[in-house]
Amino acid sequence: MRRSARSSARWTGRSAMAVAVAAPLVALPAAPSQAAPAARAAAGPAGVAAKSAYLFDSGTRKTRWSRAATTKRPIASITKVMTALVVLRAGKLDRTITVKQKYIDYAVRQGGSMANLRAGDRLTVRQLLNGLMLPSGCDVAYALADVYGPGWKGFVTKMNKTAAQLGMKHTKYANFDGLPWPTATSTYSTAYDQTRLAYYALKRADFRAVVARRAYKLAKSTTHGAYSWTNTNRLLGSYTGAAGVKTGTTDAAGYSLMFTARRGTRTLVGIVLNSSTTDETARFTDAARILDWGFGAKSAGVLRVPPVPAGANVD
């Protein structure tokens, strides 16, 4: 957001087209008990600092490990995963959106991370989704919400309806980007709910393509200026098999990360919420430790998190 237990339960994912609108789009295992036995906790990954965490195996559809998975917490810019999903499900990705000054003014006023859109530029929704998810553009989030709502309030209603359809019972979206308004905790969710969301969103090839990109560039054209966006998720390129998905941080949320990685035929999906309030690299090392444990990596060690690229946002 800022700028430059082990379980035998199974997830039985079903196509959204085959499920009634009023019913959950994805059937998932029951949330793990908060009072998990100490032995179960001891069997999980060591050295994880996150206050809440979750790890899920997409292939076996089993929960591998969790911590405080049903505790409600602010999720910061991880909110933008739902923003992207609502847009992708609505379609019309080649429609053109004209950037309004109010989108830019909003992000500046709120102190949010920006894709540095320019008023008057016309970009396609497909292009803007990269500005939403890579540099975590709050200006882009407003633009998409305004058009797809229509109006941001209508869009937030759609976000919450989608959450309900997905069975995310302990999630509330108060805005479209996770910034701390009206209050620092108005938008909240749980590690369990957000992993459900990740599992569903990652079924979409268009979503996977965006969140896996380390960078995205647009050359200057007759309709817009040049743009260069770098992904805030530095697990990409530093952790073998990492393929997304989204960072997030506010003072209340701490440094957090929704993540996924694939090795061989196995794909793991998870999240860490509030790995630290002072060390922005902690979420990446937390995720690496959880993934190493999940993959049974024999050479597991402390991840060397690369420095923030020049000019890139820290979110």
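**Helix α6, the sheet and the aromatic pairs**

Helix α6 is followed by Gly-167, a residue whose phi is positive, near 75°. In this predicted model, the 14 residues of α6 (residues 152-165) should span 20 Å at 1.5 Å a residue, and the end C-alpha atoms of the helix are indeed 20 Å apart, so the expected and computed spans agree. Along α6, the residues Phe-155, Val-156, Met-159, Thr-162, Ala-163 and Gln-165 are buried. An α-helix has 3.6 residues a turn, so residues three or four places apart point the same way. The buried residues of α6 pack against two other helices, α2 (79-90) and α5.

Several of these α6 residues recur in the surroundings of Met-82. When neighbours within four places in sequence are left aside, Met-82 is in contact with Met-159, Thr-162, Ala-163, Leu-166, Met-168, Tyr-173 and Leu-197. Met-82 also belongs to the largest nonpolar core, which comprises 67 residues, and, together with Leu-144 and Phe-207, Met-82 touches the most other members of that core. Helix α5 (residues 138-148) supplies the largest share of this core, namely eight residues. A second core, separate from the former and made up of 22 residues, includes Leu-55, Trp-65, Leu-236 and Ala-288. In soluble globular proteins, nonpolar side chains tend to be buried together.

The strands considered here form an open sheet of five, arranged in the order β4-β3-β11-β10-β9 with antiparallel pairing. Strands β4 (62-67) and β9 (242-248) are the edges of this sheet, each of them pairing on one side only, and the twist from one strand to the next averages 10°. Within the sheet, strand β3 (residues 52-57) is paired with strand β11 (residues 266-273) in the antiparallel sense over six bridges, and Tyr-54 stands opposite Ile-271 in β11. Helix α7 (residues 191-201) lies across β3, β10 (256-263) and β11, and runs at about 140° to β11.

A search of the whole structure for aromatic pairs finds twelve. In one of them, formed by Phe-56 and Tyr-199, the ring centres are 5.2 Å apart and the planes stand at 80°, so the pair is edge-to-face. This pair links distant parts of the chain, since Phe-56 lies in strand β3 and Tyr-199 in helix α7, 143 residues apart. Both partners are buried by the cut-off of under 20% relative accessible area: Phe-56 counts as buried at 0% relative accessibility, and Tyr-199 likewise at 5%.

Another pair joins Trp-152 and Trp-181, whose ring centres are 5.1 Å apart and whose planes are at 80°, so that this pair, too, is edge-to-face. Because Trp-152 lies in helix α6 and Trp-181 in the loop between α6 and α7, the pair ties together parts that are 29 residues apart in sequence. With a relative accessibility of 26%, Trp-152 counts as partly exposed, whereas Trp-181, at 17%, counts as buried. Trp-152 and Trp-181 are also members of one aromatic cluster, in which they are joined by Tyr-103, Tyr-106, Tyr-142 and Phe-176.

Terms used:
Residues are numbered from 1 along each chain as its sequence is written. This is a predicted model: local features need pLDDT of at least 70, side-chain atom pairs count only at pLDDT 80 or more; totals for chains, interfaces and linings use all residues. Side-chain values use heavy atoms; hydrogens and water are left out. Two strands pair if DSSP finds at least two bridges between them. Helices (H or I, at least four residues) and strands (E, at least two) are DSSP runs, numbered from the N terminus. Axes are lines fitted to C-alpha atoms, for helices over the stretch in contact, and angles run from 0 to 180 degrees between N-to-C directions. Contact means heavy atoms within 4.5 Å. A nonpolar core is a set of buried Ala, Val, Leu, Ile, Met, Phe, Trp, Tyr and Cys residues joined through side-chain atoms within 4.5 Å. Buried means under 20% relative accessible area, exposed over 50%, partly exposed in between (1.4 Å probe, protein chains only). The expected span of a helix is 1.5 Å times one less than its number of residues. Rings of Phe, Tyr and Trp (its six-membered ring) pair if their centres lie within 6.5 Å; planes under 30 degrees apart count as stacked, over 60 as edge-to-face and the rest as tilted.
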